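Student: Please take a close look at the packing of helices between chains, and place it in the context of the fold.

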There are 2 protein chains.
Amino acid sequence: MVSWSPEGIDQLSARLISQGSRFARTASRKSGEQRSLIALRVLSNLLQEGDLRIGELAQRETITQPAMTATVNRLEEDGLVERRADPADARAAVVHVTQAGAAELEAFRMRAAARVRPHLERLGEDDLAVLARAADLLGDLADRLNER
Amino acid sequence: MVSWSPEGIDQLSARLISQGSRFARTASRKSGEQRSLIALRVLSNLLQEGDLRIGELAQRETITQPAMTATVNRLEEDGLVERRADPADARAAVVHVTQAGAAELEAFRMRAAARVRPHLERLGEDDLAVLARAADLLGDLADRLNER
DNA sequence: CAGTTTATATAGAACGTGTATATAGTTGCT
DNA sequence: AGCAACTATATACACGTTCTATATAAACTG
């Protein structure tokens, strides 16, 4: 194993961004997905964490608050989420996933999995482990990049 | 090491898409990037492979030909690429990166690296190796998804 | 050489996203 | 209590992104 030079680390950054985005876009498109990846991530966040505010969602996904308002509007028009009054703060509304929203996310996951599965199945256990660990690491890295 | 159930593999697909897209978007935005990741990938493809046709670029990046025409138009307006006649086929034009285009890609890579480096530096060699291997695997997976 | 196919461009529509600003509600200080 | 500053969300506007459908021009085919 080569030890990591600063240049190696910097190349790795660019490759992760480039390949990560291409893979995500390709897998989503080829699964016939209509909705944006942000919209799907919003549903996923809400299911995992419970109701969240617009601002909180925007911050997590690194888009501006107006962009998140628009995303939530579209999801609400399609009945996938609801706005609910926040009892603690009348300025705020919390976003709540509906059953239809949960179903739509699940449907996406199944379509995506069906499309990607054949290719993952060809990989060895070691490569699958690499990808599983990488998914966690990428999530952590995104969190840290978001912090400041 | 757990052996991989079908469900585990399917979950992995969804996680890779979700985390991959979030990481790429976050890293790009937080680096103050203006240009789309697709535009950057176009520059990268051209530098790596030499001049390519619009249609070829569209196929590689899994967007439609009109969308790629628009992307190339914007890059051309900014002087980052040029259209050149394809001597072998007068219908087609090949896209060629200019020096300014190469410089812009390099600048993006430096900005992104500077932003991500501190977080990568905290990782151990094993995790860096995981990420490096994962970048390759994601690239291969995207290629394979693209094939059919 | 006429008909079909291919490569790119254009038109039109909807979504995604940013900046700037408006509106309404909350908090802190006196 | 009252006012100033702050905060959460919404709205307005502009531009980029991406799709489908179609037009245009060139190449291939029999």
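Tutor: A contact here means heavy atoms within 4.5 Å. By that criterion, residues 24 or more positions apart account for 48% of the contacts in chain A with a separation of 6 or more. The model is predicted. Chain A has six helices and three strands, and from the N terminus on its elements follow the order α-α-β-α-α-β-β-α-α. Its C-alpha trace spans about 55 × 35 × 20 Å along the principal axes. Of the 148 residues in chain A, 48% are buried.

The packing you ask about is that of helix 1 (residues 6–30) of chain A against helix 6 (residues 125–147) of chain B. Two packed helices are described by the angle between their axes and the distance between the axes. In this pair the axes come within 8 Å and cross at roughly 35°, and the crossing is left-handed. On the side of helix 1 of chain A, the residues that meet the partner include A:Ile9, A:Leu12, A:Leu16, A:Gly20, A:Phe23 and A:Ala27, and also A:Arg15, A:Arg22 and A:Lys30. Helix 6 of chain B contributes, among others, B:Leu128, B:Leu131, B:Ala135, B:Leu138, B:Ala142 and B:Leu145, together with B:Asp136 and B:Asp143. The residues of this contact divide into 13 nonpolar, five polar and five charged.

Two of the residues named in this contact, A:Phe23 and B:Leu131, recur in the nonpolar core. In soluble globular proteins, nonpolar side chains tend to be buried together. The largest nonpolar core of this model has 81 residues, of which A:Phe23, A:Met68, A:Leu131, B:Met68 and B:Leu131 touch the most other members. A:Leu131 can be followed in detail: leaving aside neighbours within four places in sequence, A:Leu131 is in contact with A:Leu120 and A:Leu123, and across the chains with B:Leu12, B:Leu16, B:Ala134, B:Leu137, B:Leu138 and B:Leu141.

Helix 1 (residues 6–30) of chain B also holds B:Ser13. B:Ser13 has a relative accessible area of 0%, and since buried means under 20%, B:Ser13 is therefore buried. Not counting residues up to four places away in sequence, B:Ser13 touches A:Ala112, A:Ala113, A:Val116, A:Arg117 and A:Leu120. A:Leu120 thus appears twice, as a contact of A:Leu131 and as a contact of B:Ser13.

The sheets complete the context. In chain A, three strands form an open antiparallel sheet in the order 1-3-2. Strand 1 (52–53) and strand 2 (81–85) of chain A are the edge strands, each pairing on one side only. Strand 1 of chain A is joined by two bridges to strand 3 (residues 93–97) of chain A, and A:Arg53 stands opposite A:Val94. Helix 2 (residues 37–49) of chain A packs on this sheet, touching strand 1, strand 2 and strand 3, and its direction makes about 95° with that of strand 3.

Chain B has an open sheet of three strands in the order 1-3-2, with antiparallel pairing. Strand 1 (52–53) and strand 2 (81–85) of chain B each have a single partner strand, so one side of each is left without a neighbour in the sheet. Strand 1 and strand 3 (residues 93–97) of chain B pair over two bridges, and B:Val95 is the bridge partner of B:Leu52. Helix 4 (residues 65–77) of chain B packs on the sheet, touching strand 2 and strand 3, with its direction at about 115° to that of strand 2.

Conventions. Residues numbered from 1 in each chain as written. Chains lettered and ligands numbered in written order. Predicted model: local features only at pLDDT ≥ 70, side-chain atom pairs only at ≥ 80, totals over all residues. Heavy atoms only, no water. Pairing = 2+ DSSP bridges. Helix = DSSP H or I, 4+ residues; strand = E, 2+ residues; numbered from the N terminus. Axes fitted to C-alpha atoms, helices over the stretch in contact; angles between N-to-C directions. Core = buried A, V, L, I, M, F, W, Y, C linked by side-chain atoms within 4.5 Å. Buried < 20%, exposed > 50% of the residue type's maximum accessible area, 1.4 Å probe, protein only. Left-handed = near helix turned anticlockwise from the far one by under 90°. Nonpolar A, V, L, I, M, F, W, Y, C, P; charged D, E, K, R; others polar.
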